[in-house]
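Student: I'd like a close look at one part of this model, the chain with the lower letter. Could you walk me through how that chain is built and how it meets its partner?

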Amino acid sequence: MTSLPTETTGKKLGLVIDLDTCVGCHACVVNCKEWNTGGYGAPLSDLDAYGADPVGSWLNRIHTFEVTPEDAPAQIVHFPKSCLHCDDAPCVTVCPTGASYKRGEDGIVLVDEDMCIGCGLCAWACPYGAREMDPVENVMKKCTLCVDRIYNDNLPEEDRVPACVRTCPAEARHFGDLGDPNSDVSKLVAERGGMDLMPEQGTKPVNKYLPPRPKTAAAVEPKETKTKKLDSKGFLGWLDKTLEKL
Amino acid sequence: MGVHDRDLNKSPHVSDEVRKTTCYMCACRCGINVHIRKGEDGQPKVRYIEGNRDHPVNKGVLCAKGSAGIMQHYSPARLNKPLLRVGERGKGEFKEIEWEEALQLATKWLEKPRQEDPRKLAFFTGRDQSQSMTGWWAQQYGTPNFAAHGGFCSVNMAAGGIYTFGGAFWEFGSPDWSNTELFMIFGVAEDHDSNPIKLGLAEVKRRGKKIIGVNPVRTGYNAVADEWVGITPGMDGLFILALIHELLKMGKVDLDYLLRYTNAAYLVIDNPGGADHGLFARDKAGDILVMDRKTGKAAKHSKKGVKPALQGECKYARGKVARPVFQLLAEKYMSDDFSPENVTERTGVPVSQIKRIAQDLAEAAFEKEIVIDQPWVDMKGEKHDKMIGRPVSFHAMRGISAHSNGFQTCRALHLLQILLGSIDCPGGFRFKPPYPRPVPAQPKPHGFAVAGKPLAGPPLGMPRGPEDLLLEEDGVTPQRIDRAYSWDAPLSAHGMMHMVISNAHAGDPYHVDVLFMYMANMSWNSSMNSRGVMQMLEDKDENGDYVIPKIIYSDAYNSEMVAYADLVLPDTTYLERHDCISLLDRPICEPDVMADSIRWPVVDPATQAEGRDVRGFQSVLIELGARLGLPGMTNEDGTAKFKDYADYMANHERKPGVGPLAGFRGKDGKSHGRGEPNPNQIDAYIENGGFFEAHVPENAKYFKHANQHWQDWAVEMGLQDGPVENVFNLYHEALAKFQLCADGKMEPVAPETHKERIKTCFDPLPTWYPPFEGEGIDEADYPYHALTQRPAAMYHSWGSQNAWLRQIHGANPLYVPGAICEAVGLEDGDWAEISSHHGAIKVPVKRMDAVNVNTMWTWNAIGKRSGAWNLDPDAPEAKKGFLLNHLIHELLPPKSDGMRWSNSDPVTGQAAWFDLRVNIKKASDQTGPTAPQFPAQKKTKVAPVNIEYGKEWN
């Protein structure tokens with residue numbers, strides 16, 4: 001068993017994901033993979049990459065759901081999902097070797113791959129399915145919040161954000177300190193009614209999701225308006241009067 | 001544990017060098033930073049690709065495709081060496097040959113038609129991003145038979161726009177994202193253009209403004225839109241014209257804008273049966289007339305002080321009668337034909353929604369007017385204190401254009417924009433440089449091939465009217481192999497690549513000697529009737545010779561088309577090549593920025609795989625041009641004028657001072673737009689991040705179609721040589737001329753066979769008519785619509801060999817509306833048989849409700865031929881993926897007279913992919929694979945099993 005940090009700075013780095021603008025394009029998914037396969041720990045491998053059943057490990061995936069409300073047409077919601085860096089992370093406490101841990105200084109949940117025995121308990125414990133066993137390396141992979149980018153002196157300062165945030169074309173992903181109520185991300189969560197994913201699990205996720213804003217249904221009635229007929233009292237009369245005013 | 005508990009290198013080495021170039025994972029052409037790091041073998045390897053923050057197109061972001069560039073570059077489907085066919089066509093059996101042998105062979109095959117009949121070379125270049133060069137090459141060779149893929153892509157969108165207002169969406173214009181109050185997007189499936197639209201949607205959302213998505217399928221952009229219009233395919237024109245009907249009835253049109261910038265007041269001759277019916281009334285000097293409101297008399301439209309009428313009837317020139325365009329327009333669109341009540345059933349859009357959206361448009365345009373304090377002067381010399389905008393914007397792409405009524409539908413959408421006064425104003429649609437560029441500023445098409453001589457001008461262009469058709473002396477027979485610019489498709493501005501193989505096979509209008517293609521998967525997902533096309537490429541004549549005698553093909557990967565080539569010229573990947581994204585071609589500008597860019601070899605192919613011996617296609621083409629002695633590519637002493645494409649990019653001049661790249665011109669590299677060639681130009685681009693940009697002056701940013709400052713700047717920058725008048729064509733006189741040809745009143749007279757459809761479809765005012773395929777079948781047999789859309793994470797077939805992208809889209813189910821599933825008894829995972837008038841396919845089914853109730857759909861070009869792209873023959877792409885192409889014929893169902901027409905728009909020749917009508921039933925055999933299946937294509941290389949990319953750096 002592994003303990004959660006007893007001392008913390010109060011800093012809770014995480015992501016705010018806007019379900020109102022996510023178009024499900026997978027940019028975050030692929031850019032994450034290309035950054036991380038050459039980055040933290042073992043590569044994100046692909047088994048049978050050109051074969052009949054290709055399977056790779058990914059740290060972030062997009063799930064697409066169809067919602068069918070009773071009083072409105074069916075709609076699609078794109079739902080990007082990666083580790084939520086929970087405050088009460090069951091994947092940490094379940095780890096038999098201490099490989100899975102949460103950093104006291106910023107709240108990021110990581111796997112120390114040298115200590116990981118690939119038992120897979122953490123993936124079972126995670127209610128979000130946010131961890132994946134690498135099919136070739138047999139080591140547990142998960143979102144690192146790009147810990148090798150966000151503090152990296154070799155990158156320009158503006159690029160010190162997770163790869164998924166840096167690349168998202170729809171600006172649906174935001175990165176910051178959710179432990180600081182005055183941070184941009186905390187304000188965004190407050191303004192937009194940001195939500196925890198499955199709060200009943202008691203994991204206290206740091207990442208937040210912003211809900212889609214309400215849609216206009218096709219059946220909403222138009223306003224009453226006066227319309228004109230194509231005659232001298234109607235449209236043609238209006239036409240001449242309007243032209244005179246120009 | 002404490003706060004600082006474990007050792008962790010938080011600043012690991014990222015890369016040895018960052019090289020900035022241009023993406024080619026789709027047609028968006030974003031700027032990318034390619035991080036290069038030494039690999040295990042000591043050679044430079046791609047560590048990471050990210051968006052270039054400084055680049056005007058993507059401003060730093062990068063999509064899934066762009067982010068998967070590493071897997072594209074190192075794909076095991078890459079071709080490494082020129083290939084000569086040794087087995088029968090279609091099998092994929094080749095031997096590797098040296099470049100010298102390949103070039104000698106190609107030169108020999110190309111030499112004969114050039115000397116005898118240059119039309120016998122059909123040179124079509126698919127998803128080419130170098131058309132200004134490949135088109136120029138065709139011109140120098142002397143064949144009119146050149147085009148890229150526009151004819152089967154979105155020519156209706158380009159032609160509909162350019163003929164109407166001298167611009168179009170995507171490359172030629174975009175919404176004013178930062179000022180618009182209401183944005184409507186029609187028929188765009190997450191591409192064209194990819195990242196700028198996503199950035200724009202984010203901006204509109206951030207500003208809290210409304211987005212309306214019009215699309216039969218509610219995925220992607222339509223999923224995040226605030227309102228969805230689940231339209232029935234092919235009915236967009238009817239929906240748009242109903243919006244216009246409502247706006248006119250509310251009196252919500254911008255009359256001042258119409259008078260200033262359009263032909264609303266031009267007088268149209270009313271003389272049914274006469275040779276001038278439908279033409280503009282002109283005085284003896286040829287000036288177009290309007291009716292003076294005060295006097296009721298005709299006056300020159302350009303006369304100072306004349307106040308033109310928009311309604312009524314004008315008698316002029318001895319009893320002739322003419323009426324203003326706007327009068328005809330109001331009569332047409334205010335009629336009950338276009339009332340919401342009369343279109344609701346066909347469009348699938350509720351009356352309430354049509355009326356409310358019309359009100360939303362009117363409210364945003366006229367009650368939320370935007371004023372920018374920026375004085376400007378128009379081309380008539382009138383000074384304006386401010387720029388006043390109607391902040392309603394639109395975008396549309398293939399969904400509305402890939403129909404046989406697409407040209408008129410695109411025109412209808414632009415008419416809507418113009419009536420609202422929202423073209424190139426704050427908050428509306430904005431031109432991107434070098435546009436606006438109306439038809440008079442575009443080249444005409446050129447034919448009339450002469451043995452051994454270049455064409456008089458570029459093969460492709462914009463005909464002004466019937467006089468510019470490319471017909472033989474009989475006035476009927478097409479000059480071009482694809483029948484472009486003939487009566488079949490008079491305004492086929494991008495050619496008709498989808499007809500080339502079937503016409504060449506049929507010898508109609510003639511047979512060819514050589515089919516030379518680049519980057520076009522014509523034996524698979526880029527053709528209608530793929531199985532038929534494969535057969536045509538394999539067919540032999542009575543002598544045992546192939547009906548299409550020689551096929552030369554260039555591609556970077558072992559695509560389905562490679563198997564049909566006699567000679568394969570292996571192209572580089574996009575990270576190994578020179579390219580110019582030129583203003584002479586398909587530009588990458590943004591409304592405020594004139595820009596162009598390059599690709600350059602950020603890695604050397606020789607270091608990227610053992611035995612890799614590939615050359616960029618454009619360099620090969622230049623060398624072939626020199627070997628053939630083509631003008632422009634050969635010096636007087638017969639030697640090659642350009643060493644390679646890079647040399648051409650820097651030193652070719654299309655006219656004095658204007659070349660493929662606009663930036664860093666002049667000997668010192670300090671001139672922009674115009675200037676002498678700069679031998680160090682490519683280096684200057686590399687130093688600048690792979691692109692060049694110049695910012696449009698503040699007073700030239702809007703109303704470019706009529707803005708004197710814009711005209712001056714455009715001339716200074718070499719975009720045009722003088723002022724260009726741009727009158728928006730609500731009514732298009734060229735279309736009226738074609739109607740007169742169909743009536744036998746104007747030369748050349750249209751053939752009997754074509755008269756009726758020209759009269760119906762060439763309405764000078766935007767119109768709607770039912771899509772052709774639906775008219776040719778019994779609706780009871782094929783009650784449903786079927787279409788494809790491109791996923792955001794895959795670009796055509798290119799992505800299929802990409803180890804990462806194929807894990808996202810490796811197979812494609814058919815998404816079937818819930819009501820149809822229930823009616824037919826289908827559940828998720830079932831197999832269904834889909835049939836059309838042309839054929840049947842077997843596919844896996846997935847139920848979906850967020851879709852038009854009569855429309856089933858799937859992702860585009862996921863299905864692969866077994867073995868192609870060096871994938872396992874049992875890959876999901878081959879066994880669970882499929883193409884709708886097998887249901888779509890290049891010809892329409894036979895008519896009663898036995899004629900079979902091309903399945904294309906009758907005006908532009910655009911392939912009518914989305915007219916497809918189908919039926920569906922549960923398949924009798926509920927096991928896979930998908931059908932049809934084809935014998936496996938032979939692999940050119942064995943792919944690795946597993947990938948652990950980047951392991952050496954961990």
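Tutor: Sure, let's take chain A, keeping in mind that this is a predicted model. Its secondary structure adds up to seven helices and 11 strands. With a radius of gyration of 24 Å, well over the 18 Å that the globule rule gives for 246 residues, chain A is more spread out than a compact globule. You can put dimensions on that too: along its principal axes, the C-alpha trace of chain A spans about 85 × 50 × 40 Å. As for the inside, 47% of the 246 residues of chain A count as buried. Look at the contacts in chain A between residues at least 6 apart in sequence, and you'll find that 61% of them join residues at least 24 apart.

Now for the partner. Here 78 residues of chain A are in contact with 88 residues of chain B. On the chain A side, the elements that each supply at least two residues are helix 1 (27-37), strand 2 (46-47), strand 5 (75-82), helix 4 (147-150), helix 5 (163-167) and helix 7 (235-245). If you want one element to start with, pick helix 1 of chain A, since its eight residues are the largest share of the side that touches chain B. Sorted by class, that side of chain A has 36 nonpolar, 25 polar and 17 charged residues.

One last bit of context on the partner: chain B is divided into domain 1 (169-434) and domain 2 (773-922), and the centres of those two domains of chain B, taken over C-alpha atoms, are 33 Å apart.

Conventions. Residues numbered from 1 in each chain as written. Chains lettered and ligands numbered in written order. Predicted model: local features only at pLDDT ≥ 70, side-chain atom pairs only at ≥ 80, totals over all residues. Contact = placed C-beta atoms within 7 Å. Helix = DSSP H or I, 4+ residues; strand = E, 2+ residues; numbered from the N terminus. Nonpolar A, V, L, I, M, F, W, Y, C, P; charged D, E, K, R; others polar. Rg over C-alpha atoms; globule rule 2.2 N^0.38 Å. Buried ≥ 20, exposed ≤ 12 C-beta atoms within 10 Å, placed from the backbone. Domains from an automatic or database assignment.
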